[in-house]
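Welcome! Here are some short exercises, each with a worked solution to follow at your own pace. Have a look at the structure, then start with the first task.

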Amino acid sequence: MVSNSTTSPRLMRPAAGKRPVGGEVDRVDPTKKQKIDFLSSEATGGGATTANGSGYGCGNGKAPMTAAAAGGSSQDIDEDLHSRQLAVYGRETMRRLFASSVLVSGMNGLGAEIAKNLVLAGVKSVTLHDLGNVELWDLSSNFIFSEDDVGKNRALASVQKLQELNNSVVISTLTAELTKEQLSDFQVVVFTDISLEKAIEFDDYCHSHQPPIALIKSEVRGLFGSVFCDFGPEFTVFDVDGEDPHTGIIASISNDNPALVACVDERLEFQDGDLVVFSEILGMAELNDGRQRKVKNASPYSFMIEEDTTNYNTYEKGGIVTQVKQPKVLNFKPLREALKEPGDFLLSDFSKFDRPLLLHLAFQALDKFILELGRFPVAGSEEDAQKLISLVSDINNSLEDGRIEEIDQKLIRSFAFGARAVLNPMAAMFGGIVGQEVVKACSGKFHPLFQFFYFDSVESLPSDPLDPSDLKPLNSRYDAQISVFGAKLQKKLEDAKVFIVGSGALGCEFLKNVALMGVCCGNQGKLTITDDDVIEKSNLSRQFLFRDLNIGQAKSTVAASAASLINPNLHIEALQNRASPETENVFDDTYWENLSVVINALDNVDARLYIDQRCLYFQKPLLESGTLGAKCNTQTVIPHLTENYGASRDPPEKQAPMCTVHSFPHNIDHCLTWARSEFEGLLEKTPAEVNAYLTSPSEYTSAMKNAGDAQARDNLEHVLECLDKERCETFQDCVTWARLRFEDYFANRVKQLTFTFPEDAVTSNGTPFWSAPKRFPLPLQFSADDPTHLQFVMAGSILRAETFGILIPDWVKTPKKLADAVNNVEVPDFQPKRDVDIVTDEKATSLSTASIDDDAVISELDDDTNYHMDLIAGLANMRAGNYSIPEVDKLMAKFIAGRIIPAIATSTAMATALPLFSIAEPVPPKVIKHQDMNWTVWDRWIVRDNPTLKELLLWLKSKGLSASSISYGSCFLYNSMIPSHKDRLGRKMVDLVREVAKTELPPYRRHFDIDVSCEDDEDNELIFLRFLYIS
């Protein structure tokens, strides 16, 4: 650090807080294919949102409409704990959740999952209701219970472990018969194990209650599940999709009837019928009146408005068009009516278009079966299955309209056999769905299920018919699962060898699920989980295996211990290694070859692709999933049956041109990108360069001069400035530095820009230079009376003082004293320069974020005590002020600048449940054909005899293939276009790898592998083929 001493001066980076750095944190978009987002928001997205955008949806007045009514202000939300959830819901929805009371009746596996998700979300209170006692049967689906709980009331046995998830939620129990009058204490009531007769009685009460009480009825029966929602006769959805309103930058508006509006830059997302408002238009100012106008004839870059602009002023330039999101009123039917007239069902699989109506009858028939016999159908009992089929037929025949022509008896038989079982993956999936429906009912955010949803996964059953004897209970904790899949499959699960990569939100859910299912719980079973990250406070709202006392501890170790408490038979090893090329000595060839399946619980694409390549290489199945707010995706990768994860990629994110970020921003994202870049330069890169200079001044100076490029010159200039005219020795020097930075960034640079390109400047072809999307900037005038200006100086001076090791005085946090210090700063007048080169080429993109140390930066930006985000938000918002761009608060700035991924527990539950029992129609791998041979990316030729290069070429020739090149990694072992390579024909292939590529076989590898690029007899280039040489 720099001190007043003359010995060993050093610069240091500002303190990053106490939070440990490292691991894979939520910072990149983890989703690749949005496949099942309807489960979370009914075919709508759920991206990041600000504090606006949600109102109380059921119109019952029970959830307060103001922060004061909710018991406080926005500061009452613990942003460290709920940051990822806030990014999905916004503050208003969170306040409504915090004020909502929910009843969960039926604490089977499904009830436990629903309660878990609600407690993590932070509702005001959860009341658990159940009359029954814990049975051994429950342990295969309920993570709350242990064998010690058998015989205890299910609701009472659930309280302690649920309370550990969130001490802010009041958890209580009811263990007697419910009366409908008791339901008036809740905003939402959820039933998971209730007769149809009682459900109709309760729903009639809730539907007619003033204000209405939202009722959700859900069941999981083996591989079948259902959800019914009734949120009252008039339920208002205030935010249908949770997305930010769409906007467009106007390029032109015609004087026509109707008027044509053309936009520039990105594609428009408007649809016919959308309402929009206009602002900042020059010329045709009549449209700036704030009135909503309807869109029609929408296209990617233009639309029309139903308005006659013939006599309006002529459009000149500028203007923003913004979508006005409209509320939607839903008229729910009570259960009594909906059973007879269910309306349209929400489909989960379009190949099962006629399935929901059959399941609608099957669940009613099951209720009649239980009512008549007082029990569930017995697994494997053909008599019980026929009884249920008969009941389904009777109900179908009683229908006046919409009868099913032919009942699928095989499906009903499968339904009957598993009717008693609550399977863990099904419970987890439906727990996520129902938990999200409760949030919708409490807040009016996201479109709810309307009104029935049915799901089945009969394709998960073994292809061969199961022997009824294989379905009989064994008096084990897995009996429910055995009743569906059989004891033989259960044994395979117990002896599996599984690798879970990552133990964050996805990892915790996967770990819980496999423990309950008995995976790796047999004598031959082994589960390895690895994660090099540590637990942070923001993890606790989703990563439910962690507690406050675990903050700072290794995720994998804590998660493994928690999973062992769920199932003591689990054979698990926790590691803190990042799965990467650098750790292939840990996860070596023998390790991979012995695996049964790999589960990705990662949050970044690069890590996913690495694991995918390892699974491809070793021919291992991969379960892949990811979440983004209320959206989630799953992909099951099976060798030779499906394509691998890396076979399809989303297009890269569009980067703003460098000139846009540096000089012509037109949205807050541009401002935050610039702010983060400046933050890095001021507080990370420059101190590092200074320290390199101080270590060896002559060598550093010589290296910079010899480099001769602009970057080297800038580095040297910044180093000398930092040690000379910008050197800080007192805290007043730091205040001066911050105040002058303000003047440079937000006044002088803008004055120079507008001097170089005045408002009336034109381009070389005569068009106005300041045309959309460019916004003409205005300099800011510093004022010590402006709290945002003073906050910027405070954050900047504190971080500068930390860099130089200067003691930070207490008075810096007193506005009056800080203002006095700022007013003592002498600010020189600015004179614009001529012939300044300002980049305007939009083809030059901004610097890649890959050059930034993301792990360190994100961890620092996630800490609200170190002033990093204060400075970045200040930089961004001041710059936004220059360009008349709407500002954002510090929390939203953190989401954008820190690239924090929105996340909620309900989406995580769904994303980790589906891969364990269901696979969508598989996408087959691409097939390469040559003569009578076919192969895919999964196939390879294995050569064991270590042939010579010539022998290998002749062998390929015999198959009609001509090798144009053979390589090992990036090193060519043979290229047909290089004459000297003919001298290698007599060499053994393994010797060529060792001598030409300078590579020795590591002790943890069992083979070399090379890539061969071939052409067929007609000179058609074929894909690379892989050969493995077994050592």
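**Exercise 1. Decide whether Lys998 is buried, partly exposed or exposed.**

Solution. Step one: recall the cut-offs, where buried means under 20% relative accessible area, exposed over 50%, and partly exposed in between, using a 1.4 Å probe and protein chains only. Step two: Lys998 has a relative accessible area of 71%, so this residue is exposed. Step three: place Lys998 in the loop between H29 and strand S27 (1007-1015); helices (H or I, at least four residues) and strands (E, at least two) are DSSP runs, numbered from the N terminus. Step four: check the backbone, where Lys998 has a positive phi near 55° although it is not a glycine.

Before going on, please note that this is a predicted model, in which local features need pLDDT of at least 70, side-chain atom pairs count only at pLDDT 80 or more, and totals for chains, interfaces and linings use all residues. Residues are numbered from 1 along each chain as its sequence is written, and side-chain values use heavy atoms, with hydrogens and water left out.

**Exercise 2. Find where Tyr867 lies and say whether it is buried or exposed.**

Solution. Step one: go to the loop between helix H24 (854-861) and helix H25 (868-882), where Tyr867 sits. Step two: read its relative accessible area, which is 16%, so Tyr867 is buried. Step three: look at phi, which for Tyr867 is positive at about 70°, although this residue is not a glycine.

**Exercise 3. Describe the surroundings of Cys659, Asn748 and Asp991.**

Solution. Step one: Cys659 belongs to helix H17 (residues 658-662), and its relative accessibility of 3% is why it counts as buried. An unreviewed UniProt entry places the feature "active site" at Cys659; UniProt positions are given in the numbering used here, feature names are shortened, and annotations may be inferred rather than shown by experiment.

Step two: Asn748 is part of helix H21 (residues 731-756) and is buried, with a relative accessible area of 15%. Leaving aside residues up to four places away in sequence, Asn748 touches Glu743 and Phe830, where contact means heavy atoms within 4.5 Å.

Step three: Asp991 is in helix H29 (residues 989-996) and counts as partly exposed, at 28% relative accessibility. Its C-alpha atom is separated by 9.0 Å from that of Asn946, 45 residues apart along the chain.

**Exercise 4. Work out which peptide bond before Pro258 is cis, then follow the strands around it.**

Solution. Step one: the cis peptide bond joins Asn257 and Pro258, with omega about 0°. Step two: Pro258 lies in the loop between strand S8 (247-253) and strand S9 (259-264). Step three: S8 and S9 form a hairpin with five residues between them, and four bridges join these antiparallel strands; two strands pair if DSSP finds at least two bridges between them. In this pairing, Ile253 stands opposite Val261 in S9.

Step four: S9 also pairs with strand S12 (residues 302-305), again antiparallel and over four bridges, with Ala259 opposite Ile305 in S12. Step five: compare the faces of S9. In a regular strand the side chains alternate between the two faces of the sheet. The covered face of S9 has Ala259, Val261 and Cys263, and the uncovered one has Leu260, Ala262 and Val264.

**Exercise 5. State the strand order of the open sheet of six strands and name its edges.**

Solution. Step one: the order is S18-S17-S16-S19-S20-S21, with mixed pairing. Step two: strand S18 (572-575) and strand S21 (631-637) stand at the edges; each has a single partner strand, so one side of each is left without a neighbour in the sheet. Step three: the twist averages 15° from one strand to the next. Axes are lines fitted to C-alpha atoms, for helices over the stretch in contact, and angles run from 0 to 180 degrees between N-to-C directions.

Step four: strand S19 (residues 597-600) and strand S20 (residues 622-628) pair in the parallel sense over two bridges, and Ile599 has Leu623 as its bridge partner in S20. Step five: helix H16 (residues 605-618) packs on the sheet, touching S16, S19 and S20, and its direction makes about 165° with that of S20.
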